[in-house]
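Good morning, colleagues. Please look at the sequence and the structure on the screen, and I shall then take you through several of the local details.

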Amino acid sequence: MKFTKIATPEQIDQKWVLIDAEGKTFGRIITEVATILRGKNKPCFTPNIDCGDFVVVVNASLAKFNGLGKIANKEYFSHSGYFGSTKSVKMTELLEKNPEKLFKLAARGMLPKTKLGAQMLKKLKVYAGAEHPHSAQLSK
């Protein structure tokens, strides 16, 4: 009888991964980011343990978007819980003003909808430009 090896939190080695979004397609970047955050690219993947790596995305505002008018028509909604408090933001406005939020919202949709998913999302660092403060962690 063969048993599947289950990783424990002490055995997990979390690294830092740098992804440059310049000229790459937005959807492809996000799927790669979600896979790395979840840890599915590692042989020690365990669904109930956070075994993913930290991800730093730079040049987020320079990502490409494909699709027939998706960037012009797609809207993101937020609601505080009070009557009449629904707010919507177009994807173009979000990309111009806050590309970090756009990347986080897209990655959140691909992660588990649990406390574990929220913990994984905290390991995503997104920057609109090329500068980031995580150069010490990436040099490992």
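Asparagine 59 sits in the loop that runs between β2 (54–58) and α2 (70–73). I should say at once that we are looking at a predicted model. The phi angle of asparagine 59 is near 55°, which is a positive value in a residue other than glycine. Is asparagine 59 buried or exposed? Its relative accessible area is 9%, and because buried means under 20%, asparagine 59 is buried.

A second loop offers another case. Serine 80 is found between β3 (75–78) and β4 (87–90). With a relative accessibility of 52%, serine 80 counts as exposed. Between the C-alpha atoms of serine 80 and proline 99 there are 22 Å, and the two residues are 19 apart along the chain.

Let me now place these loops in the chain. The chain has six helices and five strands, and in sequence order they follow the pattern β-α-β-α-β-β-α-α-α-β-α. Taken along the principal axes, the box filled by the C-alpha atoms is roughly 55 × 40 × 30 Å. Of the 140 residues in the chain, 34% are buried. If we consider the contacts with a separation of 6 or more, 64% of them are accounted for by residues 24 or more positions apart.

I turn to a pair of helices. Helix α1, residues 26–38, packs with helix α4, residues 99–108, at an angle of about 60°, and their axes are 9 Å apart. That angle makes α1 oblique to α4. The crossing of the two helices, α1 and α4, is right-handed. Which residues in α1 and α4 meet? From α1 come Phe26, Ile29 and Ile30, and from α4 come Leu102, Phe103, Ala106 and Ala107. The residues of this contact divide into seven nonpolar, no polar and no charged.

Within that contact there is a ring pair to examine. The structure holds three aromatic pairs. In one of them, phenylalanine 26 and phenylalanine 103 are arranged edge-to-face, at 5.0 Å centre to centre and with 85° between the planes. Phenylalanine 26 belongs to helix α1 and phenylalanine 103 to helix α4, so the pair ties together parts that are 77 residues apart in sequence. Both rings belong to buried residues: phenylalanine 26 has a relative accessibility of 9%, and phenylalanine 103 has one of 1%. Ring pairs also bring in Phe65, so that Phe26, Phe65 and Phe103 are linked into a cluster.

My final residue is methionine 91, which lies in helix α3 (residues 91–97). Methionine 91 is buried, its relative accessible area being 2%. What does methionine 91 touch, not counting residues up to four places away in sequence? The residues are Phe26, Phe65, Lys70, Ile71, Lys74, Tyr76 and Leu102. Two of these names, Phe26 and Phe65, have just appeared in the ring cluster, and Leu102 has appeared in the contact of α1 with α4. As for lysine 70, its C-alpha atom is 8.2 Å from that of methionine 91, while the two residues are 21 apart in sequence.

Thank you for your attention.

How values were computed
Residues numbered from 1 in each chain as written. Predicted model: local features only at pLDDT ≥ 70, side-chain atom pairs only at ≥ 80, totals over all residues. Heavy atoms only, no water. Axes fitted to C-alpha atoms, helices over the stretch in contact; angles between N-to-C directions. Helix = DSSP H or I, 4+ residues; strand = E, 2+ residues; numbered from the N terminus. Parallel < 35°, antiparallel > 145°, perpendicular 65-115°, else oblique. Left-handed = near helix turned anticlockwise from the far one by under 90°. Contact = heavy atoms within 4.5 Å. Nonpolar A, V, L, I, M, F, W, Y, C, P; charged D, E, K, R; others polar. Buried < 20%, exposed > 50% of the residue type's maximum accessible area, 1.4 Å probe, protein only. Phe/Tyr/Trp six-rings, centres within 6.5 Å; stacked < 30°, edge-to-face > 60°.
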